[in-house]
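Student: I am new to this structure and would like a close look at one part of it. Could you walk me slowly through the surface around one of the DNA strands?

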2 protein chains.
Amino acid sequence: MKLSTKGRYGLRALIDLASCEDECEVVSIQSIAERQKISESYLEQLVRLLKKAGLVTSQRGACGGYRLAKPAEQISVGDILRALEGNLDAVTCPANQDDSGAGCQDADFCVTRYVWKQINDSITLTVNSIMLDQLVQENRKLRSQGKSTGNCVN
Amino acid sequence: MKLSTKGRYGLRALIDLASCEDECEVVSIQSIAERQKISESYLEQLVRLLKKAGLVTSQRGACGGYRLAKPAEQISVGDILRALEGNLDAVTCPANQDDSGAGCQDADFCVTRYVWKQINDSITLTVNSIMLDQLVQENRKLRSQGKSTGNCVN
DNA sequence: ATCAAATCCGAGTAAATTACTCGGGATTGA
DNA sequence: TCAATCCCGAGTAATTTACTCGGATTTGAT
């Protein structure tokens with residue numbers, strides 16, 4: 001019932017990336033890793049997932065890097081976490097995957113299905129309602145309040 | 001980000017137990033395991049956790065078993081899952097554990113804290129609002145609709 | 001008193017998952 | 001041509017999960 005480092009590091013990385021967009025054309029893995037103190041090679045994997053999900057685009061070669069594929073206000077935390085962690089459902093019972101109800105032979109087992117659905121729905125609702133740009137703004141606010149670490153020196 | 005078998009089996013087991021209260025004095029591990037098709041020795045461990053959390057009481061010796069420690073309408077799914085899974089928080093950053101904010105040296109890292117809090121809060125709210133007796137009632141309803149498996153033959 | 005049925009308890013273990021590292025290839029700007 | 005960067009898959013140590021097992025203790029019934 002824990003979010004893995006993929007989700008945690010990845011969200012931080014994407015906030016970092018989004019925060020740098022004004023100042024930098026593209027943002028390199030190296031610079032994000034340095035600021036966020038995440039292993040470069042591991043972060044590379046995570047960003048790959050974000051790219052595969054269509055959240056970032058890349059520029060290869062020297063001076064290459066990543067940028068957001070769309071405006072930060074159109075990217076939800078749900079999009080990001082799903083890209084990194086896969087399905088966010090806390091429980092996936094067979095009946096939930098295809099809603100034919102097949103796979104649940106015994107209806108008795110499925111009283112719990114209601115519970116799992118409630119939990120999954122509340123998580124989904126929450127993460128879908130938080131947009132990346134809110135976090136970027138909050139990030140800027142925090143930084144302007146004296147904390148200088150994490151600045152965008154690419 | 002998945003609920004483990006502890007939480008899933010344990011909730012099912014407790015619904016089963018609660019459903020049997022009318023008919024049986026105490027309910028044995030063996031009978032729950034049989035109805036729910038869960039390994040007896042594994043289930044034993046889970047019920048131990050529920051007991052430690054004060055959700056069930058036990059009667060030792062021959063003809064022994066378990067019963068709810070309090071009425072089903074006073075036991076929430078949150079109580080049950082927390083007993084089985086430990087803390088349900090999807091992310092526990094140091095600053096959340098003691099809310100002194102210590103452990104988070106860099107405020108920049110903590111923009112994500114807001115996100116984790118929202119997720120954790122929504123999970124907590126959801127599981128705390130579902131009470132065991134609702135599930136027992138739903139269970140009875142399903143059973144009366146023809147499904148005979150899972151009946152309480154202790 | 002004995003026995004069987006049950007709860008209790010801790011240790012051990014195989015399988016799965018996580019959290020990475022590593023080596024090398026491909027692309028691009030200077 | 002070179003260095004910086006993205007791209008990609010394979011491998012691996014550590015951790016967690018999902019159990020099993022052996023045995024001790026309690027208790028009701030014969």
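**The surface near DNA strand D**

Tutor: Let us start with one contact: a polar side-chain atom of A:Gln45 lies 3.3 Å from a base nitrogen of DNA strand D. This is a polar contact, meaning a pair of N or O atoms within 3.5 Å; within protein, one must be able to donate a hydrogen and the other to accept it, and residues adjacent in sequence count only if both atoms are side-chain atoms. A word on the background: this is a predicted model, in which local features need pLDDT of at least 70 and side-chain atom pairs count only at pLDDT 80 or more, while totals for chains, interfaces and linings use all residues. Residues are numbered from 1 along each chain as its sequence is written, chains are lettered from A and ligands numbered from 1 in the order in which they are written, and side-chain values use heavy atoms, with hydrogens and water left out.

Chain B also reaches a base: a polar backbone atom of B:Ala62 is 3.1 Å from a base oxygen of DNA strand D. On the phosphate side, a polar side-chain atom of A:Ser58 lies 2.4 Å from a phosphate oxygen of the strand.

Which elements build this surface? Those giving two or more residues are helix H2 (29-36), helix H3 (40-52), strand S1 (56-59) and strand S2 (65-68) of chain A, plus helix H1 (5-20) and helix H3 (40-52) of chain B. Helices (H or I, at least four residues) and strands (E, at least two) are DSSP runs, numbered from the N terminus. H3(A) gives the largest share, 4 residues.

Now step back to the whole surface. There are 26 residues around DNA strand D, and A:Arg48, A:Lys51, A:Ser58, A:Tyr66 and B:Ser39 come nearest. Of the atoms of DNA strand D that come within 4 Å of the protein, 64% are sugar and phosphate. A residue counts as near a strand if one of its heavy atoms lies within 4 Å of it.

By class, the surface has 6 nonpolar, 15 polar and 5 charged residues. Here Ala, Val, Leu, Ile, Met, Phe, Trp, Tyr, Cys and Pro count as nonpolar, Asp, Glu, Lys and Arg as charged, and the others, Gly among them, as polar.

For a last look, turn to DNA strand C. It is surrounded by 26 residues, with A:Ser39, B:Ile29, B:Lys51, B:Ser58 and B:Tyr66 the closest. There H3(B) gives the largest share of the surface, 4 residues.
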